[in-house]
Amino acid sequence: MSDSDTPPLGQRPKLGPIDGKPVTTHPDLSRLSPAQRGLRDALLREFKARKAKKFVEKQVHYINGNRQVAESIKILFDEHGQPPANAPIEDIIEERRQLEYQVRWFEAMLLELQTRLLRVREIEALALDVLERSERE
């Protein structure tokens, strides 16, 4: 293919029935059929779910809940499982802050995973609707 066959930048013919400029985030979807609109929505949700999944996978290696919690409260107990007699209050306060931070972090991860689960359920429901409609037609 030579350079003369390639249309100039911005002059490429449209691939789909969606009107609008390619740079807009709000294309005109009125010309799409309900099934195409549903598939487009499902595709966008799947893309966002995969993006969230990659983010969660990157964050998971920071999680080793039991080990981190055991390490963080280790300073509060001696080798016999008893609290030390002369534990400085600053260490105890710092450990409490670390634990509170970890709890907030785990809550954020839980919220992210619940959001992802909700998106996957929506995609599943849309896909089942499309299959049901295609069987009727």
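R37 counts as partly exposed in this predicted model, with a relative accessibility of 31%. The residue is found in helix α1. Once its neighbours within four places in sequence are left aside, R37 is in contact with L29, S30 and L32. Helix α1 itself covers residues 34–60, and R37 therefore offers a convenient way into a description of this helix, where R37 is partly exposed.

A second partly exposed position in α1 is L44, which lies in this helix and has a relative accessible area of 37%. Because this value falls between the 20% limit for buried and the 50% limit for exposed residues, L44 is classed as partly exposed. Along the chain, L44 and I123 are 79 residues apart, yet their C-alpha atoms are separated by 9.6 Å. I123 is one of the buried residues of helix α3.

V56 also belongs to α1, but here the picture turns to the buried side of the helix. With a relative accessible area of 7%, V56 is buried, because this value is under the 20% cut-off. Not counting residues up to four places away in sequence, V56 touches M109, E112 and L113. For M109, the separation from V56 is 53 residues in sequence and 7.7 Å in space, taken from C-alpha to C-alpha. M109 is in turn buried in α3.

These individual residues fit into a broader pattern. The buried residues of α1 are G38, A42, A49, A52, V56 and Q59, and the buried residues of this helix pack against α3. On the α3 side, the buried positions are E95, Q102, M109, I123 and V130.

How the two helices are arranged can be described next. Two packed helices are described by the angle between their axes and the distance between the axes. For α1 and α3 (residues 89–136), the axes come within 9 Å and cross at roughly 155 degrees. This angle is over 145 degrees, so the two helices are roughly antiparallel to each other. Their crossing is left-handed. The residues of the contact of α1 with α3 comprise 13 nonpolar, 2 polar and 9 charged.

The lengths of both helices can be checked against expectation. At 1.5 Å a residue, the 27 residues of α1 should span 39 Å, and the 38 Å between its end C-alpha atoms agrees with this. For α3, with 48 residues, the expected span is 70 Å, and its end C-alpha atoms are 71 Å apart, which again agrees.

At the level of the whole chain, the model has 3 helices and 0 strands. Read along the sequence, these follow the pattern α-α-α. Of the 137 residues in the chain, 9% are buried. Among contacts between residues at least 6 apart in sequence, 51% join residues at least 24 apart. The contact between V56 and M109 spans 53 residues in sequence, and the buried residues of α1, V56 among them, pack against α3.

Note on methods:
Residues numbered from 1 in each chain as written. Predicted model: local features only at pLDDT ≥ 70, side-chain atom pairs only at ≥ 80, totals over all residues. Heavy atoms only, no water. Axes fitted to C-alpha atoms, helices over the stretch in contact; angles between N-to-C directions. Helix = DSSP H or I, 4+ residues; strand = E, 2+ residues; numbered from the N terminus. Parallel < 35°, antiparallel > 145°, perpendicular 65-115°, else oblique. Left-handed = near helix turned anticlockwise from the far one by under 90°. Nonpolar A, V, L, I, M, F, W, Y, C, P; charged D, E, K, R; others polar. Expected span 1.5 Å × (residues − 1). Buried < 20%, exposed > 50% of the residue type's maximum accessible area, 1.4 Å probe, protein only. Contact = heavy atoms within 4.5 Å.
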